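Hi there,

Here is the structure I promised to pass on. Have a look at it first, and then read on for what turned up when I went through it.

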Amino acid sequence: MVVTVRPLRDDEMRLYLQIHERAIRGLAATHYSQDDIEGWVVPTTDENLRRLTLNADREIRFVAVLDGVPVGIGALVLENAELRAVYVAPEGARRGCGSALVHAIEQTARDNEVTRLTLDASLNAEPFYAVLGYDVLERTEVPLPNHHPMAVVRMGKDLQRFPHAGRRR
Ligand SMILES: CC(C)(COP(=O)(O)OP(=O)(O)OC[C@H]1O[C@@H](n2cnc3c(N)ncnc32)[C@H](O)[C@@H]1OP(=O)(O)O)[C@@H](O)C(=O)NCCC(=O)NCCS
């Protein structure tokens, strides 16, 4: 199995939302209610595709490709030193795609002189980020677009202290 990570192309916004939705529905329902899931998913509508294309937060976005098939997406917001997103569709899970996305995000952060990243991890993703060297900062809630509060774990990592934490495949 070969995992590669490349930048998301402008014509892949639909793919981005589809992977996002499939990852949430397929892998996060163990830790969240149906209300949480519905508030977290971003439906693939024209309006959401337009907003994603607009990219108001200047996200730097990536795609993880497993044996030639795109199965994961990730995003970084340099201005906030924020690891914004890592999502892997169920058929690509536990094959190193999420880790490869985090490594690409961290490398891009380092390349831009960002030395620490924070993120809001979903409860199901806490062990994943912990393996990659992220520490728990706070257990909190964030409001979803439907105003439903979602429990998350704020986590952070000093990129210079742990340049090689986690596994590479
Ligand atoms: C979290 C997520 C991105 C992990 O992606 P992945 O490609 O499966 O991760 P990897 O294969 O790189 O996992 C690396 C290691 O992290 C740990 N890990 C990953 N998922 C885990 C889980 N669900 N439970 C416990 N540990 C996990 C394991 O140690 C794993 O190594 P192993 O498979 O040899 O045991 C994926 O499960 C996902 O998309 N979840 C739903 C969406 C989500 O919650 N995204 C995060 C938003 S903050």
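**A buried glutamate in H4**

Glu106 has its place in helix H4. With a relative accessible area of 1%, Glu106 is buried, as the cut-off for that class is under 20%. Please keep in mind that this is a predicted model. Leaving aside neighbours within four places in sequence, Glu106 is in contact with Leu117, Leu132, Tyr134, Lys157 and Leu159.

Two of those partners come up again at Thr115. That residue sits in the loop between helix H4 (97-111) and strand E5 (116-122). Not counting residues up to four places away in sequence, Thr115 touches Lys157, Asp158, Leu159 and Gln160. Thr115 is partly exposed, with 37% relative accessible area. From Thr115 to Arg139 the separation is 23 Å, C-alpha to C-alpha, for 24 residues in sequence.

**Arg154 and its surroundings**

Next comes strand E7, which spans residues 149-158 and holds Arg154. Which residues does Arg154 contact, once neighbours within four places in sequence are left aside? The partners are Leu119, Asp120, Asp135, Val136, Leu137, Glu138, Thr140 and Val142. For Glu138, the C-alpha distance to Arg154 is 5.1 Å, although the two are 16 residues apart in sequence. Arg154 itself is partly exposed, at 27% relative accessible area.

You may like to set this beside Glu21, which is found in helix H1. The C-alpha atoms of Glu21 and Arg154 are separated by 22 Å, with their positions 133 residues apart along the chain. Glu21 has 21% relative accessibility and therefore counts as partly exposed, since buried would need a value under 20%.

**How H1 meets H3**

Staying with H1, what is the angle at which H1 and H3 pack? Helix H1 (residues 13-27) and helix H3 (residues 46-54) pack at about 110°, and their axes are 10 Å apart. Angles of 65 to 115 degrees count as roughly perpendicular, so H1 is roughly perpendicular to H3. On the H1 side, the contact involves Met13, Arg14, Tyr16 and Leu17. On the H3 side, Asn48, Leu49, Leu52 and Thr53 take part. Sorted by class, the contact of H1 with H3 has five nonpolar residues, two polar ones and one charged one.

Tyr16 has a further partner. The charged end of Arg61 sits over the ring of Tyr16, at 5.6 Å from the ring centre.

**Aromatic pairs**

Now to the rings. A pair of aromatic rings is described by the distance of the centres and the angle of the planes. How many aromatic pairs does the structure hold? There are four of them. One is formed by Trp40 and Tyr87, whose ring centres are 6.2 Å apart; their planes are at 65°, so this pair is edge-to-face. Trp40 lies in helix H2 (residues 34-40) and Tyr87 in strand E4 (residues 82-88), so the pair ties together parts that are 47 residues apart in sequence. Both Trp40 and Tyr87 are buried. Together with Tyr32, these two residues form one aromatic cluster.

Phe128 and Tyr129 form another edge-to-face aromatic pair, with 4.9 Å centre to centre and 65° between the planes. Are these two buried or partly exposed? Phe128 is partly exposed, having a relative accessible area of 26%, whereas Tyr129 counts as buried at 6% relative accessibility.

**Two positive phi angles**

Last, a couple of backbone angles for you to look at. Most residues other than glycine have a negative phi. Arg58 is not a glycine, yet its phi is positive, near 55°. Arg58 lies in the loop between H3 and strand E2 (60-66). With a relative accessible area of 56%, Arg58 is exposed.

His147 also has a positive phi, of about 75°, although it is not a glycine. Where is the place of His147? His147 is in the loop between strand E6 (135-143) and strand E7 (149-158). At 70% relative accessibility, His147 counts as exposed, because the class takes values over 50%.

Happy to talk any of this through whenever it suits you.

Best wishes

Conventions. Residues are numbered from 1 along each chain as its sequence is written. This is a predicted model: local features need pLDDT of at least 70, side-chain atom pairs count only at pLDDT 80 or more; totals for chains, interfaces and linings use all residues. Side-chain values use heavy atoms; hydrogens and water are left out. Axes are lines fitted to C-alpha atoms, for helices over the stretch in contact, and angles run from 0 to 180 degrees between N-to-C directions. Helices (H or I, at least four residues) and strands (E, at least two) are DSSP runs, numbered from the N terminus. Angles under 35 degrees count as roughly parallel, over 145 as roughly antiparallel, 65 to 115 as roughly perpendicular and the rest as oblique. Contact means heavy atoms within 4.5 Å. Ala, Val, Leu, Ile, Met, Phe, Trp, Tyr, Cys and Pro count as nonpolar, Asp, Glu, Lys and Arg as charged, and the others, Gly among them, as polar. Buried means under 20% relative accessible area, exposed over 50%, partly exposed in between (1.4 Å probe, protein chains only). Rings of Phe, Tyr and Trp (its six-membered ring) pair if their centres lie within 6.5 Å; planes under 30 degrees apart count as stacked, over 60 as edge-to-face and the rest as tilted. A charge sits over a ring if NZ of Lys or CZ of Arg is within 6 Å of the ring centre and within 35 degrees of the ring normal.
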